[in-house]
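This report describes a pocket and a handful of residues in one protein chain. The sequence and the structure come first, and the description follows.

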Amino acid sequence: MRRTFAEGGAVPDSARRNHTIDAFRGLLTVIPASARTALDLGCGEGFAARALAARGLAVTAIDLDEPSLERARGQDTAGITYLNADVMAAQLPGRYDVITALAVLHHLPLEESLTRLKELLAPRGVLLVVGLAASVMPKDVGWEAAAAVAHQLGRLTHSTWEQPSPTVWPPPVTYAQVRDAAARVLPGSRFRRRVQWRYTLTWVKP
């Protein structure tokens, strides 16, 4: 029987599934073996930071929500430095081989945040984004229908972990706006709209 998990610390990372996590796991193979450092933007209770640290990366994880960081610090923190700060203004200690942003860019001004991440990424570094955006009706009715069906099928087959950090809904930007902004700020980036109300964005800095 399917269950919905609501408490972050009560569920092992390996057992957690939701639309964002499923998309993120698919991006981990993009990380090059040569990567040594990572920045996890909007880290929440630390799921992505722990996944990066498990790959041997030295991780800086940043979030504005102190209760979320308290949950993160209460779990495995090996290889992770947590910062309570605004990524747009923080004095961060360098450029990073990997930057991840899971369900966070819609909390920030879009082009400004992409530009900031571009600056923080080291040459040949990899940016991995899983984001949320708004559909435009009626043009996107097919996407919405497909997402609803996929979501219901997923509820029959696996448990859903609900992350406990603050959320913004509905997203203030559309999929097209994200795609176009990425094309302007991150030439050569790959934008992919996914069925279950998410998009992924990957970019390798020249």
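Ala 49 is buried, because its relative accessible area is 0% (buried means under 20% relative accessible area, exposed over 50%, and partly exposed in between, with a 1.4 Å probe and protein chains only). The model is predicted, so local features need pLDDT of at least 70 and side-chain atom pairs count only at pLDDT 80 or more, while totals for chains, interfaces and linings use all residues. Residues are numbered from 1 along each chain as its sequence is written, and side-chain values use heavy atoms, with hydrogens and water left out.

Ala 49 belongs to helix H2 (helices are DSSP runs of H or I with at least four residues, strands are runs of E with at least two, and both are numbered from the N terminus). Apart from neighbours within four places in sequence, Ala 49 is in contact with Asp 40, Val 59, Ala 61, Ile 80 and Tyr 82 (contact means heavy atoms within 4.5 Å). Between the C-alpha atoms of Ala 49 and Ser 159 there are 22 Å, and the two residues are 110 residues apart along the chain.

Helix H4 spans residues 110-120 and contains Leu 110. Ser 113 lies in helix H4 too. Leu 110 counts as buried because its relative accessibility is 12%, and Ser 113 counts as buried because its value is 1%. The side chain of Ser 113 reaches the backbone oxygen of Leu 110 at 2.8 Å. Setting aside residues up to four places away in sequence, Leu 110 touches Val 173, Gln 177, Val 178 and Ala 181. With neighbours within four places left out, Ser 113 is in contact with Met 88, Leu 105 and Leu 108. Leu 110 and Ile 99 are 11 residues apart in sequence, and 16 Å separate them in space, C-alpha to C-alpha.

Some backbone angles deserve a note. The peptide bond from Met 137 to Pro 138 is cis, with omega near 5°. Pro 138 is in the loop between strand E6 (121-131) and H5. Two residues that are not glycine have a positive phi, as the table shows.

| Residue | Phi | Loop | Relative accessibility |
|---|---|---|---|
| Ala 103 | about 50° | between strand E5 (96-102) and H4 | 25%, partly exposed |
| Trp 197 | near 60° | between strand E8 (190-194) and strand E9 (198-204) | 23%, partly exposed |

Which residues lie nearest the centre of the largest pocket? They are Leu 102, Ala 103, Gln 163, Pro 166 and Thr 167, out of 45 lining residues. Helix H1 (19-27), strand E2 (37-41), helix H2 (47-53), strand E3 (58-63), helix H5 (141-157) and strand E7 (160-161) each give two or more residues to the lining. A pocket is defined on a 1 Å grid over the protein atoms alone, as an open set of points where a 1.4 Å probe fits, with protein on both sides within 12 Å along at least five of seven lines; lining residues have an atom within 4 Å of a point.

The space in the largest pocket is about 1100 Å³, a volume being the space filled by probe spheres set on the points. Its lining has 19 nonpolar, 16 polar and 10 charged residues. Here Ala, Val, Leu, Ile, Met, Phe, Trp, Tyr, Cys and Pro count as nonpolar, Asp, Glu, Lys and Arg as charged, and the others, Gly among them, as polar.

Terms used
Polar contact = N/O pair within 3.5 Å; in protein donor to acceptor, adjacent residues only side chain to side chain.
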